[in-house]
Amino acid sequence: MSGMQENSVVAWRGKATGYPRLAPFSPSEVYPEYIYGETSAEANPVYEAIRGCFHTARLDAANFGLTEWNPLAELIHPGESVLLKPNMVHQRHPRDPEGWRYVITHGSVIRAVADYVWKAVGTKGKIILADAPQTDASFSEMTRLLGLDAIRDFYLERGLSFELIDLRQEEWITRGDVVVERRKLPPNPYGSVAFNLGKASEFVDHPGAGHYYGADYDAGVVNHHHSGGRHEYLIAGCAIKCDVVFSLPKWKTHKKAGVTASLKNLVGVNADKNWLPHHTEGAPVSGGDEAPNPGLKHRTERKVAGAIRGLSHRVPLVGPLVHQLARSVGKPIFGDTESTIRSGNWFGNDTIWRMCLDLNKIVFYGNADGSLRDPQQKTRKRHFVLVDGIIAGQGRGPLNPDPVAAGVLLFGVHPPSVDAACAYLMGFDPDKIPILSRAFQCRSFALSAHGWRDIVMLSNERAWNRPLVDIPSNDTFHFEPHFGWKGHIEQDSAPRLSGEQPVEAAQQP
């Protein structure tokens, strides 16, 4: 491990509040350590920000400003394989054609990080850029929007091993939010690895067995994998077989988890998302968490919706048409998901954090044969994080947020610490967000040896360059939570600043 401590998190704040548009997003000036020569005619403040982020982390500090500066050499070794895991959840924002810029990780962030990874691994190393987007998303469209094809070609032309992989098994084609076609995708070249966490799972003693809801209408699949003492996950082989996972999440609020950064980002390394419990059906009084108090109307909607989704899947052409009609009729009666709490989209979701932390345990400790490393041997996989908060997302995240032009990158070598810092700087209390608070207190196969209050920030922003808990709330952002979390996760002592900008605009600490 490097000289950077696990409880240290870098928060770099620069002038960039937007992204360059010319792929492959080369830097606009030749930095001393830059090894490719080619520059962009367009200004690229994102590249400069990532360079500043690694410098603020004090990585290879003695060589900064020299040709030899190799900041990630302290973290990543020559010849290693590195999985770059961006957030590529979906290319479409429902209200803004350009909204993908604050929904998914931008290509300019990916390119700059990849350049520094290449300097560390050398020509014998390998970069794998992979994700499993939402099933109804278009991987090819995101590849185009993010310039990933241009980035890949840039490296391949220089003889470097750069792979771009869609980890999903299927891609769904939708019309009017209804699935009309399911296309099988080629298997990914690294295969998949099945894990059964058993008693090491965060689901042990959870009362939801038999009532979990996964990623599809057929809940029998997810409940099969989480019953009888089993807690099984199918993970993309590249996430297990690589030497390093480098997560590149987007800084956003999230309807089910409260916030999304690196811990939630690992949902995208699954080989089958229907093994993942997303919420537990039923009311809280009976062990469920789909809504605070699901009444008769809610229960009726759930039964009818399940039947129609099944019909839509089983009966081609007619089924999807019936489904589309039912959605148009049902929305005014049952409410729109963008304004109605359903499907675990609220602060009482007691399911998704368990699933996400289980995934993080597997990435930290998983072996290629499906076994787990001995946590006492301190041989867990290296998992680093750089969060894209140049334009962040607030409100109805992860797919329908409003933009926050924050100009921020966060970096660290310990995912729970980075995510806790993300939440705190958003103006939220990590203790009130289970995916964060529980990440520091796992029952077995620990994800952290320290608490979130031990986090120390390193920053070019003077107000942030101190222990996290010593940063006054007036010096943080005040992100709008998802409406299902509003009033429950904000820092109690975070009054609005006089003259603070509306949520659609940049909010300046």
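Let's start with Cys 53. In this predicted model, Cys 53 has 0% relative accessibility, so it counts as buried, the cut-off being under 20%. Cys 422 comes out at 2%, and therefore counts as buried too. What about disulfides, then, how many are there? The structure holds zero.

Right beside Cys 53 in the sequence is Phe 54, which sits in helix α1, residues 45–56. Is Phe 54 buried or exposed? It is buried, because its relative accessibility is 0%. And which residues surround it? Leaving out neighbours within four places in sequence, Phe 54 is in contact with Leu 59, Trp 69, Pro 71, Leu 72, Tyr 116, Phe 246, Leu 386 and Phe 411. Here is one more distance to look at on the screen: Phe 54 and Val 113 are 59 residues apart along the chain, and their C-alpha atoms are separated by 9.8 Å.

Val 113 brings us to helix α2, which runs over residues 107–121. From first C-alpha to last, its 15 residues reach 20 Å, close to the 21 Å expected at 1.5 Å a residue. How covered is α2? Mostly: 15 of its 15 residues are buried. Just after the helix comes Gly 122, with a positive phi near 75°.

Now, on to empty space. Rolling a probe the size of a water molecule over the atoms shows where such space is left. Counting cavities of 30 Å³ or more gives one, and the largest cavity has a volume of about 60 Å³. Which residues line it? They are Glu 33, Tyr 34, Ile 35, Tyr 36, Tyr 47, Asp 115, Tyr 116 and Lys 119. Our helix α2 gives the most to that lining, with three residues. You may remember Tyr 116 from a moment ago, as one of the contacts of Phe 54.

Let's finish with the nonpolar cores. In soluble globular proteins, nonpolar side chains tend to be buried together. The largest core here has 78 residues, and Trp 251 and Leu 410 are the ones with the most contacts inside it. Helix α10, residues 352–365, supplies the largest share of this core, ten residues. Apart from it lies another core, of 63 residues, including Tyr 34, Trp 100, Val 121 and Phe 384.

What does Leu 410 touch? Not counting residues up to four places away in sequence, the list includes Val 9, Val 10, Ala 11, Val 385, Leu 386 and Val 387. Trp 251 is on that list as well, and so is Cys 422, the buried cysteine from the start of this talk.

Note on methods: Residues are numbered from 1 along each chain as its sequence is written. This is a predicted model: local features need pLDDT of at least 70, side-chain atom pairs count only at pLDDT 80 or more; totals for chains, interfaces and linings use all residues. Side-chain values use heavy atoms; hydrogens and water are left out. A disulfide is a pair of cysteine sulfur atoms within 2.5 Å. Buried means under 20% relative accessible area, exposed over 50%, partly exposed in between (1.4 Å probe, protein chains only). Helices (H or I, at least four residues) and strands (E, at least two) are DSSP runs, numbered from the N terminus. The expected span of a helix is 1.5 Å times one less than its number of residues. A nonpolar core is a set of buried Ala, Val, Leu, Ile, Met, Phe, Trp, Tyr and Cys residues joined through side-chain atoms within 4.5 Å. Contact means heavy atoms within 4.5 Å. On a 1 Å grid over the protein atoms alone, a cavity is a set of points where a 1.4 Å probe fits but cannot get out, and a pocket is an open set with protein on both sides within 12 Å along at least five of seven lines; lining residues have an atom within 4 Å of a point. Grid points are joined across faces, edges and corners, and a volume is the space filled by probe spheres set on the points.
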